[in-house]
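This report looks at the interior of one protein, beginning with a single glycine and then turning to the nonpolar cores and the enclosed cavities.

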Amino acid sequence: MTSAAATSPSPTAARPGGAALELEGVTKAFGQFVAVDDLALTIPSGSFFALLGPSGCGKTTTLRMVAGLEQPTAGTIRLGGQDVTGTRAHQRPVNTVFQSYALFPHLTVGQNVAFGLKRSGARDVARRVADGLDLVELGHLADRKPAQLSGGQQQRVALARALVNRPALLLLDEPLGALDLKLRRQMQLELKRIQTEVGLTFVHVTHDQEEAMTMADTVAVMNHGRIEQLGSPAELYELPQTAFVANFLGQSNLVPGTVTDRLLKRGLLGVDVRGTRVLVPAARAVRQTGAVLVGARPEKMRLLVGDQAPGHDENVLGPGIVTDVSFLGVSTQYQVEVPGLGTFGVFAQNLLGGATVPVGTSVGLAWAVDFTFGLDGAQARDDGTVDLDDEL
């Protein structure tokens, strides 16, 4: 992880309560390939913002244009209300933290943190270095060399090096990608604590849904150079607007159907799913006529075994056959094949000590009407799912 040198933010760039970053019609093309397509985005000052999307969606290109490392083909970039579109990287009140640490191995931790300050001729270098290391809880390691630190400690040193320059905007490009799972989760909480404490605007680029949802106040899901949906983590998860968001942010069970009627007094849509009537709240449906995709998250579903009956306010599909059972510790993940409709995922909490429904069992699927959502039926139901061929 490394940080780019930056000048101290101007009073305008650091103004509280306004927009720290504004992108207006920003486009970046590499020959015939459009990496970022007419992007419009406003990020409030003091927020923790995440750009989330798969590889190649344009999120890192967007970050590089904000940092001044790439020039947009078209559009305007404003920091704190000032147009910086043509401004060089070192003249912008921005610091960037990358996945690779890139600390100077011959310098101590304190000297690494002080490097940018000394180059810019800053005052009170020793005090600011001490404050920066205290912020990331590494003050006691100021005299050590990077090789004597763990990966997580090196990352925090690089973060301190970026923060001591007092940028108006801190850009984080996959900063946790080099860490193991347990340390990555610890650092998610640590980064959020630091952002809250210092009050700077963080823009975090990641393909990891958990990272984005754990840390960010607002998440923008990117796909093919455009923002697919923007909102709080809870809003995106509970009420996705497209199949891509529903599948990329967590997992979803999506099944095609056709709207047959509307229950106006109850605010519900009646949807035919291969002969079964399913109810969808109209307020949770992107499309209210014609072909739709009926959706429900796996943890909202439950298995109906034997003579178990659904509740009066539940949708039901099936019967199906349990084809796979995966014990995950706190929960068990079931795969249920329903003839004509495909495979559904069901997450059940392990309240009784483990998986209770074996492979081969005939089950029904039930879930609350209130947790159902409806998407445009013209979309592919698997849009946003992981393509294993692309991952190899």
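## A buried glycine, the cores and the cavities

Gly132 lies in helix H3, which covers residues 125–135, in what is a predicted model. The relative accessibility of Gly132 is 6%, and because buried means under 20% relative accessible area, Gly132 counts as buried. When residues up to four places away in sequence are not counted, Gly132 touches Ala160 and Val164. In the sequence, Gly132 and Leu163 are 31 residues apart, while in space their C-alpha atoms are 6.9 Å apart.

Leu163 appears again in the description of the nonpolar interior. The largest nonpolar core has 45 residues, and Leu163 is, together with Leu159, Leu170 and Val219, among those with the most contacts inside this core. Helix H4, residues 151–163, gives the most to this core, with six residues. A second, separate core has 26 residues, and it includes Val273, Val292, Val294 and Val346. In soluble globular proteins, nonpolar side chains tend to be buried together.

Empty space is the next topic. How many cavities of 30 Å³ or more does the structure hold? There are two cavities of that volume, and they are set side by side below.

| Cavity | Volume | Lining by class | Element giving the most to the lining |
|---|---|---|---|
| Largest | about 40 Å³ | eight nonpolar, one polar, no charged | H1, three residues |
| Second largest | about 40 Å³ | seven nonpolar, two polar, no charged | S14, three residues |

The largest cavity is lined by Leu21, Leu23, Leu41, Ile43, Leu51, Thr62, Leu63, Val66 and Val203. Strand S1 (19–30), strand S2 (33–44) and helix H1 (59–67) are the elements that give two or more residues to this lining. By class, eight of the lining residues are nonpolar and one is polar, with no charged residue present.

Which residues line the second largest cavity? Its lining is made up of Asn253, Val255, Val294, Gly295, Ala296, Met301, Leu317, Phe344 and Trp367. At least two of these lining residues come from strand S11 (253–263), and at least two come from strand S14 (291–296), with S14 supplying the largest share, three residues. Val294 is thus named in two settings, as a member of the second, separate core and as part of the lining of the second largest cavity.

Methods
Residues are numbered from 1 along each chain as its sequence is written. This is a predicted model: local features need pLDDT of at least 70, side-chain atom pairs count only at pLDDT 80 or more; totals for chains, interfaces and linings use all residues. Side-chain values use heavy atoms; hydrogens and water are left out. Helices (H or I, at least four residues) and strands (E, at least two) are DSSP runs, numbered from the N terminus. Buried means under 20% relative accessible area, exposed over 50%, partly exposed in between (1.4 Å probe, protein chains only). Contact means heavy atoms within 4.5 Å. A nonpolar core is a set of buried Ala, Val, Leu, Ile, Met, Phe, Trp, Tyr and Cys residues joined through side-chain atoms within 4.5 Å. On a 1 Å grid over the protein atoms alone, a cavity is a set of points where a 1.4 Å probe fits but cannot get out, and a pocket is an open set with protein on both sides within 12 Å along at least five of seven lines; lining residues have an atom within 4 Å of a point. Grid points are joined across faces, edges and corners, and a volume is the space filled by probe spheres set on the points. Ala, Val, Leu, Ile, Met, Phe, Trp, Tyr, Cys and Pro count as nonpolar, Asp, Glu, Lys and Arg as charged, and the others, Gly among them, as polar.
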